[in-house]
Amino acid sequence: MSHTQINPEPSAPQHVIDDLLARGISYDDIQLGMIHQQAQRRSGVAVLPLAVIVGADAADFNRHHKVGSTTAKMLRKQPPPRKSAGGTHITGAKIWAGSIQTGTEEEADFVRAITPEQADRFYRVSNLAADKALELATSARAGKDLETQDRMVMGFTNSCRKVLQKLVNEIQYRKGWCMLSYETLMDRTKLSRGTIHNALKALRAIGLISWKRRYNYTHSVEHGSRSEQTSNLYRLEFPKWLFKLLGLDTPIPDDMAAHQEAMIEDHALMLASASKSERRRLMPTSISGRASLITAAVRIDSRISFDGRPRESNGWIDPQGILLNYRNRELA
């Protein structure tokens, strides 16, 4: 397995990109805005919101924003520098950078189950996207200029359809725990390893799937400590722009979105309560990961600030007094 250094591409939370696309901002302008944000971060200046950079929102330079303690801890501690895309584990085995250990909370937090209705919808997406790709390819051969999103969909091949359907099967059957190896996918789809690799990259570029690299860690008296890279953990994503393009505009269910926000907030609270050294070690290296934690910390501090405000009674009887009156009547 070869490990090469890869420069991180500019990124932003997917829901922010989807919102800007829905507001009529082109994908190319969003990409330029993310590059601009990355340059601001490197230079150490204040980073403007992506919506302001692309012109979707007006800049408010007169607003003085105060952050709470949880948010401050997220902002103060920078993550450890990422020097390469791969490295050597403490046991001496080569482990991809960013890999998570099997059996940990981080692995469980990444898992996302789907309902039978969502599985059926992804089957429709796989078939409609394959047909749309053929239609766009015909238009491209006729000399028609295609948008960035159209070119992305044009990369949805028949191999992508096969791989996506196998992933949907596994995710639905395993309650979100999809850990298919390349060898298993090769056996089930009858495709070559290279074709599966390209199909997975295309599906991730479109926004239909994401994955986490994983490794096993074992310790025994006989063999000592050992680590070994294992299969990826996959989950399905909900790209709004693609669902709209295919006429299947169905946003993420509220309960699923609330569950995701709750998990991110729990992670932010855990990091805020950890020591400085532990927080530095556990802080995600990706820009989008840190942005999600900071956003969750802002939500937490906003709730704490709101709950701590004195509330007026507006002339009403104290609720505790009402409860005592009822108890006294029951005893009488």
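Here are a few exercises, each with a worked solution, on the predicted model shown above.

A little housekeeping: residues are numbered from 1 along each chain as its sequence is written, and side-chain values use heavy atoms, with hydrogens and water left out. Because the model is predicted, local features need pLDDT of at least 70 and side-chain atom pairs count only at pLDDT 80 or more, while totals for chains, interfaces and linings use all residues.

**Exercise 1. Get the overall picture: work out how many helices and strands the protein has, and what share of its residues is buried.**

Step 1. Count the elements, taking helices (H or I, at least four residues) and strands (E, at least two) as DSSP runs numbered from the N terminus. You get 15 helices and 5 strands.

Step 2. Call a residue buried under 20% relative accessible area, exposed over 50% and partly exposed in between, using a 1.4 Å probe and protein chains only. Of the 332 residues, 34% are buried.

Step 3. Now look at contacts, meaning heavy atoms within 4.5 Å. Take those between residues at least 6 apart in sequence: 68% of them join residues at least 24 apart.

**Exercise 2. Describe how α1 packs on α2.**

Step 1. Find the helices: α1 covers residues 14-22 and α2 covers residues 27-43.

Step 2. Fit axes as lines to C-alpha atoms, for helices over the stretch in contact, with angles from 0 to 180 degrees between N-to-C directions. The α1 and α2 axes are 10 Å apart, at an angle of about 135°.

Step 3. Name the arrangement: α1 is oblique to α2. (Under 35 degrees is roughly parallel, over 145 roughly antiparallel, 65 to 115 roughly perpendicular, and the rest oblique.)

Step 4. List who touches whom: α1 brings I17, L20 and L21, and α2 brings Y27, I30 and M34.

Step 5. Sort these residues by class, with Ala, Val, Leu, Ile, Met, Phe, Trp, Tyr, Cys and Pro as nonpolar, Asp, Glu, Lys and Arg as charged, and the others, Gly among them, as polar. The contact of α1 with α2 has 6 nonpolar residues, no polar ones and no charged ones.

**Exercise 3. Do the same for α9 and its partners α8 and α10.**

Step 1. Start with α8: its axis comes within 10 Å of the α9 axis, and the two cross at roughly 110°. That's why they count as roughly perpendicular.

Step 2. On the α8 side you find K162, K166, L167 and E170; on the α9 side, L185, R188 and T189. By class that's 2 nonpolar, 1 polar and 4 charged.

Step 3. Turn to α10: the axes of α9 and α10 come within 10 Å and cross at roughly 100°. So α9 is roughly perpendicular to α10 as well.

Step 4. Here α9 uses Y182, E183, L185, M186 and T189, against R193, I196, H197 and L200 of α10. This contact has 5 nonpolar, 2 polar and 2 charged residues.

**Exercise 4. Place M179 and find its contacts.**

Step 1. Locate M179: it's in the loop between α8 (158-173) and α9 (182-189).

Step 2. Check its accessibility: M179 is partly exposed because its value is 33%.

Step 3. Skip neighbours within four places in sequence, and M179 is in contact with R214, S231, N232 and L233.

Step 4. Compare sequence with space: M179 and T230 are 51 residues apart in sequence, and their C-alpha atoms are 9.0 Å apart.
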